[in-house]
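Let's go through this one the way you might over coffee: someone asks why a label applies, and someone else checks the value against the cut-off.

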Amino acid sequence: AKKVVVKKKSGLVKDKENNWQAGSEYVSSIAVDGVALSVYTIGASRGWVSDNDAYLRTMKILNSFDTLLTNIHGFWYHMVNMTSGAREWYSELSTVDSAIFIMGALQAGEYFRNTHPDVTAKADALYRRMDWTWFMNVGDTWKQRFINMAWKPEDDGYFFTIPSGKP
C-alpha cells in the first residue's frame with residue numbers, strides 16, 4: 001500500500017469554507033474533528049481510503065488534542081485555529097463539542113484496536129482526562145442536577161449557560 005503523508009501539521013479539519021474564496025477559512029470546530037475521526041474509519045472500512053491514510057489522519061488529530069490544543073479539566077474550546085490550536089472567536093469551553101469529539105476518538109480507537117493500539121490508547125487517555133464533575137453542582141439547586149453546557153474564562157469563573165437560564 002502506498003504511504004500517505006498528511007501535510008497539515010495539526011490534522012484539524014475546517015469548520016467551514018467560503019465557496020467563493022477557497023482557502024479563506026482557518027478555524028476548526030472540535031465537533032467537526034470528532035466527526036472526521038469517524039469518517040476516516042468508515043472510509044477505510046469501505047476501501048475509500050487506505051487504512052494507513054485513515055490511521056495517519058486520526059493520529060494527527062489525536063496528537064493535536066493531546067499536546068497542541070488547550071484543555072481545561074480535559075475539555076477543549078469549541079473553535080480553534082487549525083495551525084496553532086489556539087482558541088478562536090471568544091469561543092466557550094464546550095461540554096457538547098468536547099463530547100462529540102471524544103465519541104469520534106473512542107470510535108476510531110475501537111476501529112484500530114487490533115491494528116494500531118496506539119490510537120486506542122491515545123483516545124482512552126483523552127477520554128479519561130475529562131472531568132465531568134467540574135461542570136456540575138453550579139448555580140441554583142435545580143441547576144445542580146445538570147451538566148452545564150460550557151464555560152468561558154471571561155465570565156469571572158462562572159459557568160456560561162444558554163439564554164433560557166437552563167444549563
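Q: Which way does α3 pass α4, in a left-handed or a right-handed crossing?
A: α3 passes α4 in a left-handed crossing. Keep in mind that this is a predicted model.

Q: Why are α3 and α4 called roughly antiparallel to each other?
A: Helix α3 covers residues 95–111 and helix α4 covers residues 117–129, and they pack at an angle of about 150°. Angles over 145 degrees count as roughly antiparallel, so α3 and α4 get that name. Their axes are 8 Å apart.

Q: What makes the contact between α3 and α4, in terms of residues?
A: From α3 you have Phe-101, Ile-102, Ala-105, Leu-106, Ala-108 and Gly-109. They meet Val-119, Thr-120, Ala-123, Asp-124, Leu-126 and Tyr-127 in α4. Sorted by class, this contact has nine nonpolar, two polar and one charged residues. Gly counts as polar here, so Gly-109 of α3 goes in that class.

Q: Why is α2 called oblique to α3?
A: Helix α2 (residues 51–68) packs against α3 at about 140°, with the axes 11 Å apart. Roughly antiparallel needs an angle over 145 degrees, and roughly perpendicular runs from 65 to 115. An angle of about 140° fits neither of those, so α2 is oblique to α3. The crossing of α2 past α3 is left-handed.

Q: Which residues make the contact of α2 with α3?
A: On the α2 side they are Asp-51, Thr-58, Ile-61, Leu-62 and Phe-65. On the α3 side they are Phe-101, Ala-105, Ala-108 and Tyr-111. The class count for this contact is seven nonpolar, one polar and one charged. Asp is in the charged class, so Asp-51 of α2 falls there.

Q: And what makes α1 roughly parallel to α3?
A: Helix α1, residues 30–45, packs with α3 at an angle of about 20°. The cut-off for roughly parallel is under 35 degrees, so α1 and α3 earn the label. Here the axes are 6 Å apart, and α1 passes α3 in a left-handed crossing.

Q: Which residues of α1 and α3 meet?
A: In α1, they include Ile-30, Val-35, Leu-37, Ser-38 and Thr-41. In α3, the partners include Asp-97, Ser-98, Ile-100, Phe-101, Gly-104 and Tyr-111. By class, you get 10 nonpolar, seven polar and two charged residues in this contact.

Q: Why does Phe-75 count as buried?
A: Phe-75 lies in strand β3, residues 75–76. Its relative accessibility is 0%. Buried means under 20%, so Phe-75 qualifies. Leaving out residues up to four places away in sequence, Phe-75 touches Thr-70, Leu-93, Ser-94, Thr-95, Ser-98, Met-130, Asp-131, Trp-132 and Phe-135.

Q: How far apart are Phe-75 and Thr-95?
A: Along the chain Phe-75 and Thr-95 are 20 residues apart, while their C-alpha atoms are separated by 6.8 Å.

Q: How do you know that Thr-95 is buried?
A: Thr-95, in helix α3, has a relative accessible area of 5%. Set that against the cut-off of under 20%, and Thr-95 is therefore buried. Beyond neighbours within four places in sequence, Thr-95 is in contact with Phe-75, Trp-132, Phe-135, Ile-147, Asn-148, Met-149 and Ala-150. Thr-95 and His-78 are 17 residues apart in sequence and 8.9 Å apart from C-alpha to C-alpha.

Q: Ser-91 is found in a loop, so why does it count as buried?
A: The loop runs between β4 (79–81) and β5 (93–94), but the label rests on accessibility. Ser-91 has 4% relative accessibility, and anything under 20% is buried, so Ser-91 counts as buried. Outside its neighbours within four places, Ser-91 is in contact with Tyr-77, His-78, Met-79 and Lys-152. The C-alpha atoms of Ser-91 and His-78 are 5.8 Å apart, with their positions 13 residues apart in sequence.

Q: What is the order of the elements from the N terminus on?
A: The elements run β-α-α-β-β-β-β-α-α-β-β, which comes to four helices and seven strands. Of the 167 residues in the chain, 42% are buried.

Notes
Residues are numbered from 1 along each chain as its sequence is written. This is a predicted model: local features need pLDDT of at least 70, side-chain atom pairs count only at pLDDT 80 or more; totals for chains, interfaces and linings use all residues. Side-chain values use heavy atoms; hydrogens and water are left out. Axes are lines fitted to C-alpha atoms, for helices over the stretch in contact, and angles run from 0 to 180 degrees between N-to-C directions. Helices (H or I, at least four residues) and strands (E, at least two) are DSSP runs, numbered from the N terminus. A crossing is left-handed if the near helix is turned anticlockwise from the far one by less than a right angle, and right-handed if clockwise. Contact means heavy atoms within 4.5 Å. Buried means under 20% relative accessible area, exposed over 50%, partly exposed in between (1.4 Å probe, protein chains only).
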